[in-house]
Amino acid sequence: MKKLLLIALVFTFSLNVTAQVKTPQPSPFSKQEQKVGLTDVTIEYSRPNMRGRTIFGDLVPYGKLWRLGANKNTTITFSSDVTIDGQNLKAGAYAIFAKPNAESWDVIFYADANNWGTPREWDDTKVAAKTNAKVYKLPMKIETFTMSFDDLSNSGASLGMMWEDVYVGVKFEVPTDEAVVASIKSVMNGPSAGDYFSSAVYYLQEGKDINEAKTWIDKAVEMTKDNPRFWFLRQQSLIHAKAGDKKGAIAAAKESLAGAEKAGNADYVKMNKDSLKEWGAM
């Protein structure tokens, strides 16, 4: 009986040791995603509260580097290159830091995004962009530190930061116009060789209009004649064969075979030789 009681006590103690009490985080994590023009922008940060404290000039000292929130440093990720205050920022993730002052903030985009708080050793070579942003006084108090995407347009937005009675916005520009113009030119110039190739192969595989597939694959091969692609020619041979054009199929297979042999692609060499034997050309 004593042994059973001892086992029960050990089991209970073990449960108490391993159990974890879950409570809300004092500075909860937040993640915001925003499409700006054609660029995806994501902010990840922790949000402390005022809790009756004086923030700027006290909890967050003037002129000192601040992580823009709490816990792990705040990060921003851009899916394309952007421009901040005339400085080009490559697509990717950055830590954001600030040096608040009463009238303006220095806001810094730092290439090392994997710090807890501020870096132990600051490296100026990792400063990807730096700008100075004006402080605007708010008519009310903001209890929780808040970041936002403001003044959205096709060409850019402002990264907003609010806490206590302060608002600061950092403008950034995205290359929407360049991307749209390039897309328009591409569409207006007609489908690419890859578009014709993919469409033709899909029609072949799905048993759709083989004559349409033949037209498309012939266009793809014609568009790449200066740099023939043996895998294009392989599909051309199969499509021609299915369309009843045995002569065209054999010609395409021979060209594909030559290209595959030159490239050292044994799989395509075998496939072409097998087809040529099937069609009585070897």
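This passage looks at three places in a predicted model: the surroundings of Ser237, those of Ala157, and a surface patch that includes Val180. Residues are numbered from 1 along each chain as its sequence is written, and side-chain values use heavy atoms, with hydrogens and water left out. Because the model is predicted, local features need pLDDT of at least 70 and side-chain atom pairs count only at pLDDT 80 or more, while totals for chains, interfaces and linings use all residues.

Ser237 sits in helix α5, residues 230-242 (helices are DSSP runs of H or I with at least four residues, strands runs of E with at least two, both numbered from the N terminus). Its relative accessible area is 0%, so Ser237 is buried (buried means under 20%, exposed over 50%, partly exposed in between, with a 1.4 Å probe and protein chains only). Beyond residues up to four places away in sequence, Ser237 touches Ala249, Ala252, Ala253 and Trp279 (contact means heavy atoms within 4.5 Å). Asp195, 42 residues from Ser237 in sequence, lies 18 Å away, C-alpha to C-alpha.

Ala157 belongs to strand β9, residues 156-173, and is buried because its relative accessible area is 5%. Its contacts, leaving aside neighbours within four places in sequence, include Val36, Asp150, Leu152 and Phe172. Phe172 is 15 residues from Ala157 along the chain, and their C-alpha atoms are separated by 5.8 Å.

Turning to Val180, this residue is in helix α2, residues 176-188. With a relative accessible area of 33%, Val180 is partly exposed.

Notes
Patches are made of residues with over 30% relative accessible area and no salt bridge: like charges are joined within 9 Å, nonpolar side chains (Val, Leu, Ile, Met, Phe, Trp, Tyr) within 5 Å. Accessible areas come from the Shrake-Rupley method with a 1.4 Å probe; for residues, only the protein chains shown count as cover. A salt bridge is a side-chain nitrogen of Lys or Arg within 4 Å of a carboxyl oxygen of Asp or Glu.
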